[in-house]
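Work through the exercises below with the sequence and the model side by side. Try each task before reading its solution.

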Amino acid sequence: MIDASSLLGLISLTAVGLVGLHRHQRPKRRRHVEIRQHDVLDCLPVGIVIISDAGRIQYANAAFQAIVGRLDGSLIGVPMDDLGWIRSTPLRQPWLPTADEYRLLLEQPSRQRRVLSMRARRLSRDSVQEDTDHNTRRFDKLTVIAMRDVTDDEHYRAEVELILAQNRRRQDEHQERVEQLKLLTQVDALTECGNRRALADQADLLYDESTESSTPLSCIMFDIDHFKSVNDTHGHAAGDEVLRQVSAALRGTFAAVGQVYRYGGEEFCVLLPGHQAAESCRTAEQVRSTIESMRVDVTDTREQVSPTVSVGVSDLTLGATSAEELIAQADKCLYIAKRRGRNQVVLYNEEVANARVRRSDSNGSFLR
């Protein structure tokens, strides 16, 4: 396709001859082929129109006549404003000379609308036109306009943008499904806490971040006391309700500072970035007291369950060399708490470190 900007450079040099053809030409002695300028411009696929300073059309090539739907040769002298332009600022003439290429919407006489790309340039010198009575008229400022019909281009661009938007939407929907599936695989359905897999994914990350930045990281383990007897006495529905209410208390307490995970069965793990052991012990004691005051209604009976929890706490200053070891320290404290009578908080220390614990012992017994 011929570039409109390049055409304007050529047309600006020849347009004066289109509006001021000489009546007499010096005869040539040698034979030559006479080519009229307007015949050349009529062959161009780009619409060319020349307008006076008053905005009236002085010349329009065949391509321009086809673009505006006026093939009857009636454009000469017609104001450019009268051609059915649709624009947001009708008082502004968009064909005033400018270096920019801009687009307009034109409604043809057939009511069909076309998108046009247009560029205008002022002629560099005055021009003169001679009428049939041999009178001359000077036009001080003529403007040459090159115009392309880009309707099909716009439709193609719109179709491409639609396809791209649909692809982006599908990608977003796919990503959303991936996130939902990831959530399903990392969240415990009963308690809405992170599950063991989520803990495995996050624990090493938090440990590495804390050790690299020399910031605190603590771990708290909670275990519901005598949970098996709740299931045996009141049924698993009651046990599930105890798990839901205890986990809700944990999530509510640590929502803004850490993540709660269901470690397994009735045991929960909490990782607290930026928290040292002393601060975590105080928070753990508050949670323990809150849970101790709970009364969980047993379905279809008037009975209530009063759960308690045993708690173990450790942090990075107590010798853990990995996230797994940090969790193991807090877990060992939890079993010591059970051995000491349950419903209490135990902080990892040398005594706990030296204790031998049989993790399979549900009563939390340990050997020294």
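Three exercises with solutions follow.

This is a predicted model: local features need pLDDT of at least 70, side-chain atom pairs count only at pLDDT 80 or more, and totals for chains, interfaces and linings use all residues. Residues are numbered from 1 along each chain as its sequence is written, and side-chain values use heavy atoms, without hydrogens and water.

**Exercise 1.** Find which residues of helix 8 are buried (under 20% relative accessible area, 1.4 Å probe, protein chains only).

Solution. Start with the extent: helix 8 covers residues 277–292 and has 16 residues. Next, list the buried positions: A277, S280, C281, T283, A284, V287, R288 and I291. They span an arc of only 170 degrees around the axis, so they lie on the same side of helix 8. Now turn to the other side: R282 and Q286 are exposed there (over 50% relative accessible area). Finally, the partners: the buried residues pack against elements including strand 9 (217–224) and helix 7 (236–254).

**Exercise 2.** Describe how the axes of helix 6 and helix 7 cross.

Solution. Take the axes as lines fitted to C-alpha atoms over the stretch in contact, with angles from 0 to 180 degrees between N-to-C directions. They come within 6 Å and cross at roughly 140 degrees. That makes helix 6 oblique to helix 7 (neither under 35, over 145, nor 65 to 115 degrees).

**Exercise 3.** Locate R111 and state its phi.

Solution. R111 sits in the loop between strand 4 (102–107) and strand 5 (113–122). Its phi is near 75 degrees, a positive value in a residue other than glycine. R111 is exposed, at 62% relative accessible area.

Note on methods. Helix = DSSP H or I, 4+ residues; strand = E, 2+ residues; numbered from the N terminus. Expected span 1.5 Å × (residues − 1). Arc of directions from axis to C-beta. Contact = heavy atoms within 4.5 Å.
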